[in-house]
Every structure is written in C-alpha cells, then in structure tokens.
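Welcome, and let us take a walk through this structure together. Have the sequence and the 3D view at hand as you read.

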Amino acid sequence: MTDLLVLSFVLLISGVIAVPLASRLGLGSVLGFLLAGVVIAPVLQALHVDVLSLQHFAEFGVVMMLFLVGLELEPQILWKMKLRLLGLGGLQVGLTTAVVMAAAMALGHPWSISLAVGLTLALSSTAIVLQTLNEKGLMKSDGGQSSFSVLLFQDIAVIPMLALLPLLALPELVDPFQNLAEETGHETDTAKRWFETLPGWLRATITAGAIAAVIGAGNFLTRPFFHFVSQARMRELFVATALMMIIGIALLMTFVGLSPALGTFLAGVVLANSEYRHELESNLAPFKGLLLGLFFITVGAGINFELLFGSFFSILGMTFGLIVIKVGILYALALIFKIDTLDRWLFSLGLAQAGEFGFVLLSFTVANAVIPKDLADQLLLVVALSMLLTPLLFIANERFILPRFQKGERREPDEIDSSGPIIIAGHGRFGGIVNRILRRAGHETVVLDNSSRHLEMLRTFGFKAFFGDPTRPELLHAAGIETAKALIIAIDDRRQAVELVHYVHQNHPHIHMVARALDRTHVYELYAAGCRDIVRETFDSGVRAGRYALEAMGMHPYTAQKMAEDFVIADRHNIAEMAPLYDPDIPFHLNKPYVEKARELRKEEDDSFIEGKAIYLNRVDRSWAPPSEADMRKTREQLSGGNTTTDSDQ
C-alpha cells in the first residue's frame, strides 16, 4: 500500500510541476508530461516500477480519447470523410511502409524484418497529435481534420498488421525467442484465448457480430439504460456506468482481436446524437486527461538512456531519418489532396513521429520471432524519441515555418477601382453583418480585407471586395477616405485597429468611425485613439441574453426590456467616465483613480437599478406586449422567403 501511495505521489507531483512550467514556456502540456517522465525515470527505477506495464494501463486513456472524439462526430460527418480516411490514410500507411522498408533493406536487413519495421514505424501517435491539436484549437482546421482522418485509418490498420506480422516470423529466431514469449505472457495468452483456435469463418462471424452488437446497443439500449441510471440522481453512478460501458466495449473488441480504441470510437459515433452526449463528455474527460498524462510520463520514463548513449548517433540518425521520410510523404500527399495551403506543414510535421502502437507492435514482433530483440530495443528508442520531439515540431511550425510561409504567400493588394461613402475595414462575421444592413438600406460600400481566401468566397457569392491591408494609408486613399462619410473598423488585430483609429482621427477628422472592440480594455484603447462609436463584439448579445433570462424568471417583458436599456445607458456612461482614467502602462489593481471610480460607479449603478426595478414593477404598461412567437415566425418567413434563421446563425 505504501509503495502504491509513493508511486502515485511521484507521478502526480511530477505532472503538477512540469506541465505548468512547460505551458508557461509555450511548450504545451504533452512535452511537459514527457519531460516529467524523463526526470522521474531514476525514481521509478529505484522503486522497481514496471514502466511497460504501467504504460499498457495508461494506454486506456487513448481508448477514452477516441470515444470522446467519436462523440463529436455524427455518422454523416464521418461518411463525408471517407475519401481522406481511405485515400489519404491508406496512401500514408502504404507509402511510409514501402519507403521505410526500402531504407531498412538498404541497411542490410532481410525483407521480412524490413517490412515489419516499415509497418511499425508507419503509424503515428494518436494521443500526442489529437491532444496537441485540441490544446491549440486546430482540430477543426483543414490540417486538423486531415490528421484525424489519417490517425483513424492507422488505428484501423493495426488490426490487419497484427494478423500479418506472425506470418513474417523467421525460423532461426523462433527457438531463441520462445522463452522470451513465455516471459512476456504472449504465448500463455494465446493458448488461453480459445477464440483464435476457431475456424476463420467462425472468427469473422463473431467479429462482425461484435461490431453489430456495439452499434445496436449504442442505438437501442444505451438511451433507456442511461435513463434508468439517471433516475437514481447520483452523478457518481452515472460516471461508473460510463466507465463500465467503455471498459466493456474495449474488452469485447480485445476478445475478438480488434482494436479497443476503434471499438470505443465507433460507440462514440453511434452516441453522437444522444441526449447524454454532453454529460458523457464532462464525466469522462478528467479520466482521459489523467490517463493520457500518465501515458506520456511513461513514454518519457521508458527511454533507455544507457542504450541511447551507447548508440547515440545511429539512434538519433534513425529518428531524424524517420521524421524526414514521413514529412516528405505527408507533404506530397497534402499537395495531392489539396489540403489548405497554410495547413500543409501542420499536417506534415504533426504526423511525422512514430506512435504508441509502435510499442505494442514491437513487443508483438519480438514475441512472435519477427524482429531480433536488440533491433527492437533500438526501434523502441526511435519511437520514444520521435514522440518526444513532436511537441517541438508543432512549436517550430507555429513560430518559424508558418510566419515565413504566410509572408511568402502575401500577394499584392488589388487595384481599387471604386469608392463609396462607407468604407468597411475587415469583412468577417461582424463586418459582414454591417455590410449587409448598409447595402440593404441602399448604401454603397467599399470592402477592404487582407484575407484572400475569405474575399474569394465573397466574390463567389457576388460581393465586391478588395484584397489589401486596410491600415495602409494608400489603400484608404484609393478607397476614397477623403470623401467618405463613415469608416467601419472590424479587423481582428486589436493593435492594428487602434492604429487605424489613431491615423484616421489625426488625418481625416471629418469621417465618422464605428469600431469593433474585442473587450472592455480594447474599448479604452480605441477611445483614447479617437473613436467614440465603439461596439463590443459580445456586448449586445450578452444584454439580450440577460433580458431573456429576466423574462424566464417571471419578469414582465416590458420591465425586462426597460432594465436592459437602462443597463446599456449606464454602461456607456461608465465607460465614458472611466476611459480617461485608463493607463495601459499600469495594471488595473494598481491604478487607484481607476479603481476608486469603478467602485463609485458600481454603487451608483446598484442603487439606480434597485430604484428603477421598483418603479418598473409598479408602473408596467400592460398594453405593451411583445409580438407572439407565431407572428415573429411569420414575419421571418416573409422576409426570408420561407427560410427562417436564428441568432446562432449570425
């Protein structure tokens, strides 16, 4: 018991210290866990911890992660991915296997060993790549979706690999490795699993039945079962049920020789439309995070530094050689499948490592006399080092490659051949809504935006827009800033927005500016630069949500509307009072005049709201009433030709 507590404490404290430090340095949590494992490796060795067994236990985090990924994918979305899933994933595995096999044969290894090495190193790390993409918010990007397609195909490909590898066994290795197989338990496990002694047609039937059982249970049994469990009103019981389901599916898939990660992913896809989806996500996410962190720690702790330093240059050369081969193949496939230009390096560098299934396959090949143990030990280091380098590849792409690539992709600004009374700088979601309202009212607008991809989409739908940096004076001049009446500033970069306001305020004071602010601090910056019509991008929607909440609590719509209007007026007054006191060089809590004014205004606001609420509650104009939902729906249908929209569409 004491040893278990000591081990748990060592693992937890290493992650708790290493991950925040790595995140603060911009290295990401994955690299933090890996480095934590490297640091505590001597401690685990002193405690006589079997790191490999601990790693196999932690691999269940990958199973949970794929289940949660499946919950995010509806079946129709997965069907749309079939081309990249089969084409991109299949070509990646096939080409990488062939090239690595050729390299191994060039080094003097037999074709059977070379093929086994190629299959093993063709796989990438599902755990590291998906975790990093989610952390950086890149999962929905073109590169992120393409990476996921390849990783999913690789997980599926493990199944035929496990069936093929024993056929590559070398007769001269069978006897020497018989004892090793017994020690590792593979031979004993194989003898105990009667499933593998069945005829092939029967095994195939049982396997298909297992998959059908997962799909059928997900569609027809999980909802009533979760409903039954939820009646107990015990969150712990729901968590236990979710874990039971995941473990049961993993056990079933393992029994029939399939990947447990693949089975749970399939179950997640089936449950993607379930009303229990979000509760499953929230309950399982902590377990997934802890197990994945433990897995990364075991990868770092499993590095054999004695062997590494004994063959340093050869192992390092194999590691970098593998990364170069994979990057070359992945980038070529990115070109063929027309992956978005800015995502090609993300896709290529992100999948350039070997994966956690490499540990499983290498152990499997040794036990089945396919690869000699000394070579397998070296390849284990290659797998671990390539995984250790992966977060650095993401950082290199983000900090060095992507900025240079973006700079090289910049094109010359368009020649602006028209002008108008209103100039819109930035045509994203915010600027696009403003543009549509203005054009609907009959006003001509000139749109400037520095996103060529976005502007190409606008032109496809008949909108006239010009490519160029709207903060450049010559482009503003070409757009007619001297004679324009209004400038709408909706660019994403907050610093550039402030600089644009300052320039126009100084050089074209006649023009009325309406600027979008990202937050309250940005409001102060724009105010100081000379803009007086400032709209926070989430303010109006927040006010409306607050008004709806008041109505839901039983307040009369008229009262809720008036209180929301008073809140807006008071907030504008507060900003005007506090903006002159804002100093960007002084932190908020150290700016005493700002803090004192904020407290004073807060008290006035609370007092006025209490007084105003009493007035409104006593003097409600009962003749006033909002239009009914039926009237509003009818009006929307008339305006949109039968197609209604909601606020969430904007």
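A residue is called buried when its relative accessible area is under 20%, and exposed when that value is over 50%. Keep those two cut-offs in mind, and remember as well that you are looking at a predicted model.

Let us begin on the inside, with the aromatic rings. The structure holds 11 aromatic pairs. One of them is formed by F33 and F296, whose ring centres are 6.4 Å apart and whose planes meet at 35°, so this pair counts as tilted. F33 belongs to helix 2 and F296 to helix 17 (residues 277–301), so the pair ties together parts that are 263 residues apart in sequence. Are these two rings buried or exposed? F33 has a relative accessible area of 17%, so it falls under the 20% cut-off and is buried. F296 is buried too, with a relative accessibility of 1%.

A second pair to look for is that of F148 and F265, which is also tilted: the centres are 5.9 Å from each other, with 55° between the planes. Here F148 sits in helix 9 (residues 142–164) and F265 in helix 16 (residues 260–270), so parts 117 residues apart in sequence are tied together by this pair. Both F148 and F265 are buried. Elsewhere you can find an aromatic cluster made up of F305, F309, F312 and F313.

Two of the names above come back when we turn to the nonpolar cores. The largest nonpolar core has 121 residues, and F148 and F296 are among those with the most contacts inside it, along with F67 and I371. Which helix gives the most to this core? Helix 22 does, with 11 residues. Apart from this core lies another one, of 34 residues, including I416, I489, I491 and I511.

Next comes the empty space. Rolling a probe the size of a water molecule over the atoms shows where such space is left. How many cavities of 30 Å³ or more does a search of the whole structure find? The search finds one. About 60 Å³ of space lies in the largest cavity. To locate this cavity, look for its lining: L27, G28, S29, V30, L31, T132, E135, K136, P391, F394 and I395. Helix 2, helix 8 (126–135) and helix 22 (373–409) each supply at least two of the lining residues. By character, the lining divides into six nonpolar residues, three polar ones and two charged ones.

Charged side chains can also be seen over aromatic rings. R532 lies over the face of Y527, at 3.7 Å from the ring centre. Likewise, R536 is placed over the face of F539, with 4.1 Å to the ring centre.

Let us finish in the loops, with two residues whose backbone may catch your eye. H48 is not a glycine, yet it has a positive phi of about 60°. You will find H48 in the loop between helix 2 (29–46) and helix 3 (51–58). Its relative accessibility is 73%, so H48 counts as exposed. K338, another residue other than glycine, has a positive phi near 55°. K338 is placed in the loop between helix 19 (312–336) and helix 20 (344–350). With 69% relative accessibility, K338 is over the 50% cut-off and therefore exposed.

Methods
Residues numbered from 1 in each chain as written. Predicted model: local features only at pLDDT ≥ 70, side-chain atom pairs only at ≥ 80, totals over all residues. Heavy atoms only, no water. Helix = DSSP H or I, 4+ residues; strand = E, 2+ residues; numbered from the N terminus. Buried < 20%, exposed > 50% of the residue type's maximum accessible area, 1.4 Å probe, protein only. 1 Å grid on protein atoms, 1.4 Å probe; cavity = no way out; pocket = protein on both sides within 12 Å on 5 of 7 lines; lining within 4 Å. Points joined across faces, edges and corners; volume = space filled by probe spheres on them. Nonpolar A, V, L, I, M, F, W, Y, C, P; charged D, E, K, R; others polar. Phe/Tyr/Trp six-rings, centres within 6.5 Å; stacked < 30°, edge-to-face > 60°. Lys NZ or Arg CZ within 6 Å of the ring centre and 35° of its normal. Core = buried A, V, L, I, M, F, W, Y, C linked by side-chain atoms within 4.5 Å.
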